Amino acid sequence: MWTCPKCASKVDPSFEVCWNCGTSPEGVVDPTFVSADDAGPIEADPVIPTLDVEQDVNVLDELPGPIGGILVEAYMALDLMEAKFLADQLNMAGIQATSDTHDLRHSFGPAEGEPRVWVREEDLPRARAWLETYEGGTR
């Protein structure tokens, strides 16, 4: 930080002139300086966000269809974020999965259980094998 020799304002070292009065650290006043309060709004074209997608990105051609059959609990996660992450990872591994969307502890206070990841009953062995690999890598 440097102190403006004219108005004694504290100025960040990245500024060449005082933000308050336009004076340099050497005491030279910039005659073209206009304070932000006096300048008014900046006229500029609106920023339009664009989505830059590379062609080589691995994108799913089709989203998996709805999960059919009997769903069983495959994993009890620490929180909703982990449950959603694991369900997404299982789906990317070809194992249809879904996760709880609400943590009952937040709705009803201290409740039994954590957010869960669900898979079809017939996919449970593959899901558990994948989840064991996940748990082994996170410890």
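1. In this predicted model, Met81 and Met92 of helix H2 are exposed. They lie on the other side of the helix from its buried residues, which are Glu82, Ala83, Leu86, Ala87 and Leu90. Seen down the axis of H2, these buried residues fall within an arc of 135 degrees, and they therefore line one face of the helix. An α-helix has 3.6 residues a turn, so residues three or four places apart point the same way.

2. As to its dimensions, H2 comprises 13 residues. The distance from its first C-alpha to its last is 18 Å, close to the 18 Å expected at 1.5 Å a residue.

3. Both ends of H2 merit comment. At the start, a side-chain oxygen of Asp79 comes to within 3.2 Å of the backbone nitrogen of Met81. Just after the helix, Gly94 adopts a positive phi of about 90 degrees.

4. The largest nonpolar core contains 16 residues, of which Tyr75, Leu90, Val117 and Val119 touch the most other members. At least two residues of this core come from each of strand S3 (71–76), helix H2 (80–92), strand S5 (116–120) and helix H4 (124–138).

5. The surroundings of Tyr75 can be listed in full once its neighbours within four places in sequence are set aside. Tyr75 is then in contact with Glu82, Leu86, Pro115, Arg116, Val117, Leu131, Tyr134 and Glu135. Among these partners, Glu82 and Leu86 are buried residues of H2.

6. A second core, separate from the largest one, has 5 residues. Its members include Trp2, Cys4, Cys18 and Cys21.

Key
Residues are numbered from 1 along each chain as its sequence is written. This is a predicted model: local features need pLDDT of at least 70, side-chain atom pairs count only at pLDDT 80 or more; totals for chains, interfaces and linings use all residues. Side-chain values use heavy atoms; hydrogens and water are left out. A nonpolar core is a set of buried Ala, Val, Leu, Ile, Met, Phe, Trp, Tyr and Cys residues joined through side-chain atoms within 4.5 Å. Buried means under 20% relative accessible area, exposed over 50%, partly exposed in between (1.4 Å probe, protein chains only). Helices (H or I, at least four residues) and strands (E, at least two) are DSSP runs, numbered from the N terminus. Contact means heavy atoms within 4.5 Å. The expected span of a helix is 1.5 Å times one less than its number of residues. The arc is that of the directions from the helix axis to the C-beta atoms. A polar contact is a pair of N or O atoms within 3.5 Å; within protein, one must be able to donate a hydrogen and the other to accept it, and residues adjacent in sequence count only if both atoms are side-chain atoms.
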